[in-house]
Amino acid sequence: MFRTFKIAATIAITALLLAGLAACTTDPTPRLSIQDPWARPAAMGVGTAAIYFTLVNEGNTSDALVDASSDAAESARFHETQMEGNIISMVPVTRIEIPAKGLTELKPGGLHVMLMGLKQDLNNGDTVSVTLRFEKSDEVVVEAEVRAP
């Protein structure tokens, strides 16, 4: 009888330890979504257009936006608008961090994706497709509505 109790106690303790380990583990991947993607209207002759959206990460691990591209432009780069005195400048950014359980806003006057060398006009009501590449997550293709701010 003591031996049966010892075996049952060992099984119960092992089960509790395994349940505790399972509760302690976290999903090691980010869970990203892109909210409200939009682009400013722009003429091909101007050559550039800005795209904005909110990156939401519901996962337990941070991620970073590391590259972007669009068929509507020769290249896409990340910029941050900065103001020094009365001078506004666009500062290149190599990556955009997305914290775990957090969000990062790309918005006018801040971070944004800049389409360089536009191949077409972007008029109100159009959509522009942009492929976003992340450090850890799979790439995402978003359709940004062209609209005035």
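Helices (H or I, at least four residues) and strands (E, at least two) are DSSP runs, numbered from the N terminus. By this assignment the protein chain has 1 helix and 10 strands. From the N terminus on, the order of elements is α-β-β-β-β-β-β-β-β-β-β. The structure is a predicted model, in which local features need pLDDT of at least 70 and side-chain atom pairs count only at pLDDT 80 or more, while totals for chains, interfaces and linings use all residues. Residues are numbered from 1 along each chain as its sequence is written, and side-chain values use heavy atoms, with hydrogens and water left out.

Burial was assessed from relative accessible area (buried, under 20%; exposed, over 50%; partly exposed, in between; 1.4 Å probe, protein chains only). Of the 149 residues of the protein chain, 35% count as buried. Accessible areas come from the Shrake-Rupley method with a 1.4 Å probe, and for residues only the protein chains shown count as cover. The protein chain exposes about 9100 Å². Carbon and sulfur atoms supply 57% of that area. Contacts (heavy atoms within 4.5 Å) often span long stretches of sequence. Among those with a separation of 6 or more, 69% are between residues 24 or more positions apart.

In soluble globular proteins, nonpolar side chains tend to be buried together. A nonpolar core is defined here as a set of buried Ala, Val, Leu, Ile, Met, Phe, Trp, Tyr and Cys residues joined through side-chain atoms within 4.5 Å. The largest such core holds 29 residues. Ile51, Phe53, Leu55 and Leu132 touch the most other members. At least two residues of this core come from each of strand S1 (32-39), strand S2 (48-57), strand S3 (63-69), strand S4 (73-84), strand S6 (96-98), S8, strand S9 (127-134) and strand S10 (140-146). Beyond its neighbours within four places in sequence, Ile51 is in contact with Trp38, Ala39, His112, Val113, Leu115, Val128, Val130 and Ala144.

One of these partners, His112, lies in strand S8 (residues 111-118). His112 counts as buried because its relative accessibility is 2%. Its side chain reaches the backbone oxygen of Gly110 at 3.0 Å. Leaving aside neighbours within four places in sequence, the contacts of His112 are Ala50, Ile51, Tyr52, Arg77, Phe78, His79, Glu80, Thr81, Met90 and Leu106. The C-alpha atoms of His112 and Ala50 are 6.3 Å apart, although the two residues are separated by 62 positions along the chain.

Met90, another contact of His112, is found in strand S5 (residues 87-93). Met90 counts as partly exposed because its relative accessibility is 43%. Together with Met83 and Ile88, Met90 makes a nonpolar surface patch of about 320 Å². Patches are made of residues with over 30% relative accessible area and no salt bridge; like charges are joined within 9 Å, and nonpolar side chains (Val, Leu, Ile, Met, Phe, Trp, Tyr) within 5 Å.

Gly47 sits in the loop between S1 and S2. Its relative accessibility is 16%, so Gly47 counts as buried. Outside the four nearest places in sequence on either side, Gly47 is in contact with Leu115, Met116, Gly117 and Leu118. The C-alpha atoms of Gly47 and Gln120 are separated by 9.0 Å, with their positions 73 residues apart along the chain.

Side chains of opposite charge can pair when their charged atoms come close. A search of the whole structure finds 6 salt bridges (a side-chain nitrogen of Lys or Arg within 4 Å of a carboxyl oxygen of Asp or Glu). Arg147 and Asp36 form one of them, at 3.1 Å from N to O. Arg147 lies in the segment after S10 and Asp36 in strand S1, so the pair ties together parts that are 111 residues apart in sequence. Arg147 is partly exposed at 23% relative accessibility, as is Asp36 at 47%.

Asp67 pairs with Arg133, the closest N and O atoms being 3.5 Å apart. This bridge links strand S3, which holds Asp67, to strand S9, which holds Arg133, 66 residues apart. Asp67 is partly exposed at 34%, and Arg133 is partly exposed at 27%. Arg133 also meets Glu139 in a salt bridge of 3.3 Å, N to O. Glu139 is partly exposed, with 49% relative accessibility. Elsewhere, salt bridges that share partners join Asp36, Glu145 and Arg147 into one network.

Conventions. Polar contact = N/O pair within 3.5 Å; in protein donor to acceptor, adjacent residues only side chain to side chain.
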